[in-house]
Amino acid sequence: MKLLVTGGCGFIGSNFIRLMLAKHPDWSIVNLDLLTYAGNRLNLADLEENESRYTFVQGDIRDRELVLDLLDSSVDAVVNFAAESHVDRSINDPSPFVDTNVGGAQNMMECARQRRIGRFVHVSTDEVYGTLGRDGKFTERTPLAPNSPYSASKAGADLMARAYFETYGFPVVVTRCSNNYGPYQFPEKLIPLMFLNACADKPLPVYGNGMNVRDWIYVDDHCTGVELALTKGLEGDVYNFGGDAEKTNLEVVKTVLAQLGKPESLISFVKDRPGHDLRYAMDFSHARRELGFAPSLDFTHGMQRTIQWYQDNPEWLKKVQSGEYRTFMTSWYEER
Ligand code: NAD
Ligand code: TYD
């Protein structure tokens with residue numbers, strides 16, 4: 001199978017490409033990535049050097065001509081990971097989120113439709129459902145009720161996917177996953193940011209009272225879910241994936257501190273994120289039943305593996321903290 005993967009230089013995309021090429025000797029992958037601040041070509045530098053089944057193309061998912069060119073008759077399927085992905089940045093400026101997450105996704109679907117590509121997996125998120133109270137879980141039938149510009153833009157693309165299926169019979173499958181963690185996650189997200197700050201004995205900024213709950217999944221388990229959606233998913237269907245690991249942010253931060261042997265006195269409660277969703281939890285029984293999906297790594301072991309990876313890769317961390325990274329981090333956290 002030949003795949004066009006978008007956003008493959010980001011966190012989940014790079015883990016997906018690495019895992020799929022290792023698992024499937026007969027697959028080849030073209031990775032289309034714009035290399036925004038979040039994209040890092042180095043994440044897959046070893047594959048670029050040594051793997052003939054991997055090709056990198058720098059470019060924009062909004063570029064109609066380029067995408068049509070890449071979708072030649074040898075491409076069997078598309079997996080669309082490319083997105084602006086950080087909620088806090090979407091609060092600062094929603095525009096790039098609409099441009100890439102809605103416009104870019106629609107351009108990818110349109111090009112794939114014109115080229116009659118047989119399968120298109122659109123990678124979405126649990127955040128499109130909005131927030132839960134203390135009880136219950138999101139199912140695929142939960143109404144979409146996004147609360148941040150990020151999640152609203154992701155919901156926009158989900159609805160576009162639905163419309164492409166209903167209107168054109170476009171062979172799209174949508175996946176919605178909970179919060180991922182693991183190697184190569186950009187250090188503006190909770191776990192790698194807390195790792196960096198704890199290592200430097202700097203305060204760990206916890207929004208509000210730290211009681212917001214996320215359902216954490218190790219990145220390889222999400223990638224396996226996407227693989228299952230790609231190979232077994234029903235056209236027009238939506239699949240929830242989760243890790244069965246609901247944790248408050250405070251629990252997550254304390255886990256990072258404990259693994260590093262750092263004191264809890266580093267925790268610093270800061271001004272809450274506006275529109276901060278209280279709780280996410282996924283009912284993934286549909287994916288379990290239809291695709292055979294189940295998370296394989298529990299939170300304790302997943303966190304050990306993740307923290308170990310960050311400890312083993314200080315050069316990677318140093319390289320991704322560019323000037324742009326520092327500018328955003330300084331202005332965002334100064335206000336808190
Ligand atoms: P990320 O920010 O680490 O990576 C995004 C990648 O997309 C980067 O390599 C970036 O360069 C690329 N990109 C951005 N705009 C582009 C454009 N216009 N054209 C081409 N490439 C572009 O994000 P991630 O955490 O790896 O998330 C990947 C996908 O999974 C996103 O669609 C996100 O919404 C979804 N998702 C993420 C999580 C999570 O916990 N991180 C959970 C569920 C779903
Ligand atoms: P994040 O990693 O940004 O993912 P998302 O907003 O997509 O769930 O944040 C995870 C949780 O951690 C979320 O409830 C916000 C919280 N958080 C903090 O408390 N402090 C921080 O510095 C960051 C980045 C996040």
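Author: Ala, Val, Leu, Ile, Met, Phe, Trp, Tyr, Cys and Pro count as nonpolar, Asp, Glu, Lys and Arg as charged, and the others, Gly among them, as polar. The structure above is a predicted model, and by this division the residues of the shell around ligand 2 fall into eight nonpolar, four polar and five charged.

Reader: What makes a residue part of the shell around ligand 2, and which residues are the closest?

Author: A residue is near a molecule if one of its heavy atoms lies within 4 Å of it. With that cut-off 17 residues surround ligand 2, and the closest are Glu127, Pro205, Arg273, His276 and Tyr333. As for the elements of the chain, α7 (190-199) and β8 (204-207) each supply at least two residues of this shell.

Reader: How do you know that Tyr333 makes a polar contact with ligand 2?

Author: A polar contact is a pair of N or O atoms within 3.5 Å. An N or O atom in the side chain of Tyr333 is 2.6 Å from an oxygen atom of ligand 2, and therefore the pair satisfies the cut-off of 3.5 Å. The side chain of His276 also places a polar atom 2.7 Å from an oxygen atom of ligand 2, whereas with Pro205 it is a polar backbone atom that is 2.8 Å from a nitrogen atom of the ligand. Taken alone, ligand 2 exposes 510 Å², and the protein buries 97% of that.

Reader: Which residues come nearest to ligand 1, and how does its shell divide into nonpolar, polar and charged residues?

Author: There are 29 residues around ligand 1, of which Ile12, Asp33, Ser85, Tyr150 and Lys154 come nearest. The shell divides into 13 nonpolar, 12 polar and four charged residues. Its contributors include α1 (11-23), β5 (119-125), α6 (149-168) and β7 (179-181), each with at least two residues, and the largest share, three residues, comes from β5.

Reader: What makes the approach of Leu35 to an oxygen atom of ligand 1 count as a polar contact?

Author: A backbone N or O atom of Leu35 lies 3.5 Å from an oxygen atom of ligand 1, and a pair of N or O atoms within 3.5 Å is what the term requires, so the value stands at the cut-off itself. For Phe81, a polar backbone atom is 2.9 Å from an oxygen atom of the ligand, and for Phe11 a backbone N or O atom lies 3.0 Å from an oxygen atom of the ligand. Taken alone, ligand 1 exposes 830 Å², of which the protein buries 97%.

Reader: Why are α1 and α8 called roughly perpendicular?

Author: The axes of α1 and helix α8 (residues 219-232) come within 9 Å and cross at roughly 65°. Angles of 65 to 115 degrees count as roughly perpendicular, and α1 and α8 are therefore described in that way. In passing α8, α1 makes a right-handed crossing.

Reader: Why are α5 and α6 called roughly parallel?

Author: Helix α5 (residues 95-114) packs against α6 at an angle of about 20°, with the axes 8 Å apart. Angles under 35 degrees count as roughly parallel, and therefore α5 and α6 take this description. Their crossing is right-handed.

Reader: What makes α9 oblique to α11?

Author: Helix α9 (residues 249-260) and helix α11 (residues 299-312) have axes that come within 11 Å and cross at roughly 55°. This makes α9 oblique to α11, because angles under 35 degrees count as roughly parallel, those of 65 to 115 as roughly perpendicular, those over 145 as roughly antiparallel, and the rest as oblique. The crossing of α9 and α11 is right-handed.

Technical notes: Residues numbered from 1 in each chain as written. Chains lettered and ligands numbered in written order. Predicted model: local features only at pLDDT ≥ 70, side-chain atom pairs only at ≥ 80, totals over all residues. Heavy atoms only, no water. Polar contact = N/O pair within 3.5 Å; in protein donor to acceptor, adjacent residues only side chain to side chain. Areas by Shrake-Rupley, 256 points an atom, 1.4 Å probe, with all protein chains shown as cover. Helix = DSSP H or I, 4+ residues; strand = E, 2+ residues; numbered from the N terminus. Axes fitted to C-alpha atoms, helices over the stretch in contact; angles between N-to-C directions. Left-handed = near helix turned anticlockwise from the far one by under 90°.
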